[in-house]
Amino acid sequence: MTELDAADAPAAEVLVEGVPAAMSLAPNAVGPNLGAELLLDDEARPGVESMRAGLLQAGPLARMLSPHSYGVLNQLTGLYLILSMPGSAAVVAVVRRVTVWHQDGSGHLVRRWAGRVHRQGTMLVLVWACIVFVSRHGVALLLNQQSGVGIAAILTAAAIFLLLSLDRGLLQAHRSYRPLAANLIVEVGVRVVAVVVLVAAGFGASGAAVGILIGEVAAAAHARYAAVHAWSGGQAGHPWVPAGWVAAVRPDPVLGGGSSVRRQVALDLAVASVSLSMVAVLQNVDVLVVGRDNPTHSGAYAAVSVTSKAIVFGAVVLGGYLLPEAAIRWRQGGHALRQLAVVLLLLSVPSVLLLAVALAAPEVLLEVVFHHAYTAAASALAPLVLAMILLSVTVVLTMYLLAVGRHWVAGVLVGGAVVLTLGVASVHGAPRATAFVDLAVQAAVLAVTVTGFVVVHRIRRERQPAGLT
């Protein structure tokens, strides 16, 4: 018997032999059409409003999906963000390692090392993709979902993001901000088009997950080209990878044993992985718990979540600029407080505007951006927006502290993530209570982080040579 995916289809449709009832009555539901039948989402509603009208709205996916399917999609994207954080951690490790080589006059080692690591990462991604494809049904059951296709796509996308992050780290360490910005545009543009087209075609949350995967593949290819071009100076003849896949896992005679280098990179990667994974938990665990404990309000809470958490994505992007600046200046005996102030100023403008609207007219905002069916959790919008503003500041400070090698921040984030998980679980998916628990925990985490940040810079200021900023 072959296991089939009935993406977001009602359980009553599934008959014996694992064949959905709709397919058993369709004489042509075999062969090339099988994959489409498995992805079609009965709750997707591209016909409710025209495609043109949906694209003209700020929340086209919410208007093309039912509230339940939108909640499923938000749960999938939350899972993606949590699992992709090791990729963001790779950026930290790459920037710190490459910065040392670049300043020590060993820039020629960067190309060889990066190519070798990229080949190793590609092997791991392929293995991971095979594993998640085989285990997709078990993970879907754990999350109370019926879409194995969506699970497999989102988990594979998270792995590909690791390769993407490696090359973004190389661009950041090179201070190649223009191609880095272009890569972000490629990722967002391809992802949006792929997701909207697949959802409009009726593939529902599973189609959106596949669209995210397509976006990551396109962005990873572009980032690879941009990183090679930046560090090679546009010239040929610089080997980025050793010949053959087997050579990528053997000791490199040029790089040498490099045990101390490997230990430092591994330490930076481990600490950054823990830190940023905990940031993702702090950002998304409420969505996962509400989706599990209160599926009736999962769609409405997803709309509140998407609206309030947009500011955190801005913090992550701006943190990518702050990361190399802090790492380089810290190694020179200075600091990057001026750059930090610029980042926080840029974050403050949309934060204040969003919070003002959330306080004044939360239901109007959700109805305009999404649909009147998504206003049931409007009372949770203002506290969750404030919580995410606090988290965005924590994210920026975390990136700074990781860049300068302060590993204690990981412990703060782990503690916050544990407390938040227990806290939101204790209110059993009630939207407003979940948002206020989130706000309280985010405030505590930020307070501890700021205190440690001030202490670190007070010590640095006492040792800082005059004129360094």
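Of the 469 residues in the chain, buried residues make up 53%, and this figure, like every other one here, comes from a predicted model. The secondary structure of the chain comes to 15 helices and zero strands, so that a reader following the backbone should expect helices and the loops between them. Among the contacts in the chain with a separation of 6 or more, 79% are between residues 24 or more positions apart. The accessible surface of the chain comes to about 20000 Å², and carbon and sulfur atoms account for 68% of that surface.

Before turning to details, it helps to see how confident the prediction is. The chain has a mean pLDDT of 77, with 76% of its residues at 70 or more. Over residues 1-58, however, the pLDDT is below 50, although this stretch has 92 contacts in the model beyond near neighbours in sequence. A second stretch, residues 236-243, likewise stays under 50 in pLDDT, and for these residues the model has 21 contacts beyond four places in sequence.

The interior can be entered through the largest nonpolar core, which has 132 residues. Those with the most contacts inside this core are Y70, Y80, V98, I154, L170, L276 and Y400. In soluble globular proteins, nonpolar side chains tend to be buried together. Y80 is a useful starting point, for, when residues up to four places away in sequence are not counted, Y80 touches I154, A157, A158, F161 and I212, and also the charged residues E187, R191 and E216.

Those three charged residues lead on to the salt bridges, of which the structure holds nine. R168 forms one of them with E187, the closest N and O atoms being 2.6 Å apart. This pair links distant parts of the chain, since R168 belongs to helix α7 (residues 148-173) and E187 to helix α8 (residues 177-232), with their positions 19 residues apart. R168 counts as buried because its relative accessibility is 8%, which falls under the 20% cut-off, and E187, also at 8% relative accessibility, counts as buried on the same ground. In a further salt bridge, R191 pairs with E216, and here the closest N and O atoms are 2.4 Å apart. R191 is partly exposed, with a relative accessible area of 24%, whereas E216 is buried at 0% relative accessibility. The two pairs are not separate, for R168, E187, R191 and E216 are linked in a network of salt bridges.

Elsewhere in the chain, the side chains of R292 and D293 meet in a salt bridge with an N to O distance of 2.7 Å. In this case R292 is partly exposed, with a relative accessible area of 47%, and D293, at 30% relative accessibility, also counts as partly exposed.

Helix α7, which holds R168, is also the place of G169. G169 is buried, with a relative accessible area of 0%, and, leaving aside its neighbours within four places in sequence, G169 is in contact with V91, V94 and V95. The C-alpha atoms of G169 and L180, eleven residues apart along the chain, are separated by 9.4 Å.

Further along the chain, S308 lies in helix α10 (residues 298-331) and is buried, with a relative accessible area of 0%. A polar atom of the side chain of S308 lies 3.0 Å from the backbone oxygen of V304. Not counting residues up to four places away in sequence, S308 touches L354, L381, L384, V385 and M388.

Two loop residues complete the picture through their backbone angles. Most residues other than glycine have a negative phi. R175, found in the loop between α7 and α8, has instead a positive phi near 60°, and R175 is partly exposed, with a relative accessible area of 38%. H428 also has a positive phi, of about 55°, although it is not a glycine. The place of H428 is the loop between α14 (409-426) and α15 (431-463), and H428 counts as exposed because its relative accessible area of 56% lies over the 50% cut-off.

Key: Residues numbered from 1 in each chain as written. Predicted model: local features only at pLDDT ≥ 70, side-chain atom pairs only at ≥ 80, totals over all residues. Heavy atoms only, no water. pLDDT = per-residue confidence, 0-100. Contact = heavy atoms within 4.5 Å. Salt bridge = Lys/Arg side-chain N within 4 Å of Asp/Glu carboxyl O. Helix = DSSP H or I, 4+ residues; strand = E, 2+ residues; numbered from the N terminus. Buried < 20%, exposed > 50% of the residue type's maximum accessible area, 1.4 Å probe, protein only. Core = buried A, V, L, I, M, F, W, Y, C linked by side-chain atoms within 4.5 Å. Polar contact = N/O pair within 3.5 Å; in protein donor to acceptor, adjacent residues only side chain to side chain. Areas by Shrake-Rupley, 256 points an atom, 1.4 Å probe, with all protein chains shown as cover.
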